[in-house]
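User: I would like to go through this model step by step. Please keep the answers short.

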Amino acid sequence: MINKIDHLGIAVKSLDETVKYYEEALGLKCEHREEVPSQKVRTAFFNVGGTHVELLEPMSPDSPIAKFLEKNPNGGVHHVAFGTSDITAQLAQAKNAGVRLLNETPVPGAHGKQVAFLHPKSTFGVLTELCTE
Ligand code: CO
């Protein structure tokens with residue numbers, strides 16, 4: 001069952017510059033930074049009332065975030081992540097409903113979570129991540 005919006009993933013060119021904006025202009029505190037090799041990204045997290053903002057900087061030119069930044073040079077909202085109590089059942093439900101899966105099985109994400117993505121062509125344009133608590 002999906003029980004929350006876990007985070008919004010936001011693609012950025014520079015993690016350092018963007019963290020500075022979130023801290024100085026919005027007064028939020030970066031609580032966690034992490035490299036996620038499976039997605040080829042560096043991340044920084046801000047807790048906003050239990051939902052997180054996840055900033056994503058590409059680690060290499062073949063990162064999905066690098067490709068996103070080619071199309072959106074200023075950066076922007078990249079994906080929405082729903083927290084679910086059972087990611088395997090959630091993936092099965094989406095697949096049964098005809099959704100194209102980018103991950104047939106969950107992969108390791110940030111914070112030791114298991115994550116899986118649904119293809120934006122099947123989700124009305126919103127790259128959708130499912131993640132476990
Ligand atoms: Co994410």
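**Sheet and metal site**

User: In what order do the 8 strands form the open sheet?

Analyst: This is a predicted model. Its sheet has mixed pairing. The edge strands, S2 (30-36) and S6 (107-108), each pair on one side only. The order is S2-S3-S4-S1-S5-S8-S7-S6.

User: Do strands S5 and S8 run parallel or antiparallel, and how many bridges join them?

Analyst: Strand S5 covers residues 76-84 and strand S8 residues 128-132. Gly83 has Cys131 in S8 as its bridge partner. The two strands run parallel, joined by 5 bridges.

User: At about what angle to S4 does helix H2 run?

Analyst: Helix H2 spans residues 64-71. It lies across S1, S3 (41-48), S4 and S5. Its angle to S4 is about 85 degrees.

User: Which residues are the protein donors of the cobalt ion?

Analyst: The donor atoms lie 2.1 to 2.3 Å from the ion. Along the chain, the donors follow the spacing H-x46-E-x24-H-x49-E. His7 sits in strand S1 (residues 2-11) and Glu54 in strand S4 (residues 51-58), so this pair, 47 residues apart, links distant parts of the chain. The donors are His7 (NE2), Glu54 (OE), His79 (NE2) and Glu129 (OE).

User: Are His7 and Glu54 buried or exposed?

Analyst: The cut-off for buried is under 20% relative accessible area. His7 meets it, and Glu54 does too. Both are buried.

User: What is the geometry of the cobalt site with its 4 donor atoms?

Analyst: The angles among the donor atoms run from 83 to 170 degrees. A tetrahedral site needs all angles between 85 and 135 degrees, so that label fails here. The site is irregular.

Methods. Residues are numbered from 1 along each chain as its sequence is written. This is a predicted model: local features need pLDDT of at least 70, side-chain atom pairs count only at pLDDT 80 or more; totals for chains, interfaces and linings use all residues. Side-chain values use heavy atoms; hydrogens and water are left out. Donors are N, O and S atoms within 2.8 Å of the metal (3.2 Å for Na, K and Ca); water is not among the atoms, so sites may look incomplete. Four donors count as tetrahedral if all angles lie between 85 and 135 degrees; four count as square planar and six as octahedral if opposite donors are over 155 degrees apart and all others between 65 and 115; anything else is irregular. Helices (H or I, at least four residues) and strands (E, at least two) are DSSP runs, numbered from the N terminus. Buried means under 20% relative accessible area, exposed over 50%, partly exposed in between (1.4 Å probe, protein chains only). Two strands pair if DSSP finds at least two bridges between them. Contact means heavy atoms within 4.5 Å. Axes are lines fitted to C-alpha atoms, for helices over the stretch in contact, and angles run from 0 to 180 degrees between N-to-C directions.
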